[in-house]
Amino acid sequence: MLPLLALLLVLPEISAAAEDTDETTYYYKRTKRVVSMVNNAAGVLEEKGDKAFDAFAQKDSRWFQGEIYLFIYTMKGVNIFHPVQEQLVGQDLYDMKDVNGRPLIRLLSEKAENGGGWVHYMWTRPGEFIPTWKSGYARKAVMPDGREVFVGSGVYNIRTEKEFIIEMVDDAVELIREKKQAAFDAFRSDAGPFSFRDSYILVFKDDGTAVVDPAFPYLEGRNLLKYDIIRKMISRIKGKKSAWVSYRRPRPGDVNPSKKLAYLRTVTVNGERYIVAADFFPPKPIWMR
């Protein structure tokens, strides 16, 4: 989310982006490739079960190209297939965490159970020492013998998609519905699934009061209506359950401003209406993908 202290330096503009299926379209080829591979692999698993493992392990095949390969776990987090780290096979990794304490296998299992989706975490690339962002996509499958598993694949330093931001905000809204105001602490923690690169969850009220701001926690409880972008976000979401807002700010390392998009949703808890948001820089033009 845009640092709130810098909001006055931004010239915002409201986007009239339609709220339809186009909002969840993947833009980048690598993202589409991973999703297609995992979805197809789930279908093969449901037909052939573990007889498909040999094909999945073949390098330079449709299932294994460079750093992109498949992994398979039971829904309880026991690894049953890994073509790169065979020592993981048979291990219960349900509680395995990244350097920030994010339980990636449990989160991938939960995403798969709920129809499939993305989990972002910090991981060390082979041959390197400093963890970097890795994004995993997982999908559930039921093998012919009745075993319920999830199949997934991960990608280092993937470009941020609209779908990632939508998933993060949607998950935040569902957690608020489940845990009420007790959910807010999860948005402040690096151990939860509510941050990716410079995107994170911001929560504020209709009257402009900041409720959650992980980047500037001292602003929580303060009224932000003096910031033009907050007023326009509130105006844009008025009478709606979700909306997009666009504005301009420099990308990290750039001087000239670029377009940035914020996705907003509302949720009501105990009679109090909250606006839940996250933002990102949208994809480059198609010829730059």
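A residue is called exposed when its relative accessible area is over 50%, buried when that area is under 20%, and partly exposed in between. The structure described here is a predicted model.

**Two positive phi values in loops**

With a relative accessible area of 65%, Asn270 is therefore exposed, since the cut-off for that class is over 50%. Asn270 sits in the loop between strand E13 (257-269) and strand E14 (272-280), and its phi is near 50 degrees, a positive value in a residue other than glycine. Lys180, which is likewise not a glycine, has a positive phi of about 60 degrees. The loop that holds Lys180 runs between helix H4 (162-179) and helix H5 (184-187), and Lys180 is partly exposed there, its relative accessible area being 38%.

**Strands E3, E4 and E7**

Strand E3 (residues 71-74) runs antiparallel to strand E7 (residues 148-156), to which it is joined by 4 bridges; within this pairing, Tyr73 has Phe150 of E7 as its bridge partner. E3 also pairs with strand E4 (residues 79-81), again in the antiparallel sense, over 2 bridges, and here the bridge partner of Ile72 is Phe81 in E4. The hairpin of E3 and E4 has 4 residues between the strands, and in this hairpin Gly77 takes a positive phi near 95 degrees.

Strand E7 also contains Ser153, which has a relative accessibility of 0% and counts as buried because that value is under 20%. Although Ser153 and Ala138 are 15 residues apart along the chain, their C-alpha atoms are separated by 6.8 Å. Another pair that can be described in these terms is Gln58 and Pro83, which are 25 residues apart along the chain and whose C-alpha atoms are separated by 8.3 Å. Gln58 is placed in the loop between helix H2 (53-56) and strand E1 (64-65), and with a relative accessible area of 46% Gln58 is partly exposed.

**Salt bridges**

Side chains of opposite charge can pair when their charged atoms come close. The structure holds 18 salt bridges, and the table gives three of them, with the N to O distance of each.

| Salt bridge | N to O distance |
|---|---|
| Asp185 and Arg188 | 2.7 Å |
| Asp228 and Arg231 | 2.8 Å |
| Lys232 and Asp228 | 3.6 Å |

In the pair of Asp185 and Arg188, the distance of 2.7 Å is that of the closest N and O atoms. Asp185 counts as exposed at 54% relative accessibility, whereas Arg188, with a relative accessible area of 34%, is partly exposed.

Asp228 meets both Arg231 and Lys232 in salt bridges. Asp228 and Arg231 are 3 residues apart in helix H6 (residues 228-237), so that about one helical turn separates them. Lys232 and Asp228, being 4 residues apart in helix H6, are also separated by about one helical turn. The side chains concerned are partly exposed: Asp228 has a relative accessibility of 24%, Arg231 has a relative accessible area of 38%, and Lys232 stands at 30% relative accessibility. Elsewhere, Asp50, Asp145 and Arg147 are joined into one network by salt bridges that share partners.

**A positive surface patch**

Arg30, Arg33, Arg159 and Arg197 form a positive surface patch. One of these residues, Arg197, lies in the loop between strand E8 (195-196) and strand E9 (199-200). Its relative accessible area of 34% makes Arg197 partly exposed, and because a patch residue needs over 30% relative accessible area and no salt bridge, the value of 34% for Arg197 meets the first of these two conditions.

Conventions
Residues numbered from 1 in each chain as written. Predicted model: local features only at pLDDT ≥ 70, side-chain atom pairs only at ≥ 80, totals over all residues. Heavy atoms only, no water. Patch = residues over 30% accessible without salt bridge, like charges linked within 9 Å, V, L, I, M, F, W, Y side chains within 5 Å. Areas by Shrake-Rupley, 256 points an atom, 1.4 Å probe, with all protein chains shown as cover. Salt bridge = Lys/Arg side-chain N within 4 Å of Asp/Glu carboxyl O. Lys, Arg positive; Asp, Glu negative; His and termini not counted. Charge placed at Lys NZ, Arg CZ, Asp CG, Glu CD. Buried < 20%, exposed > 50% of the residue type's maximum accessible area, 1.4 Å probe, protein only. Pairing = 2+ DSSP bridges.
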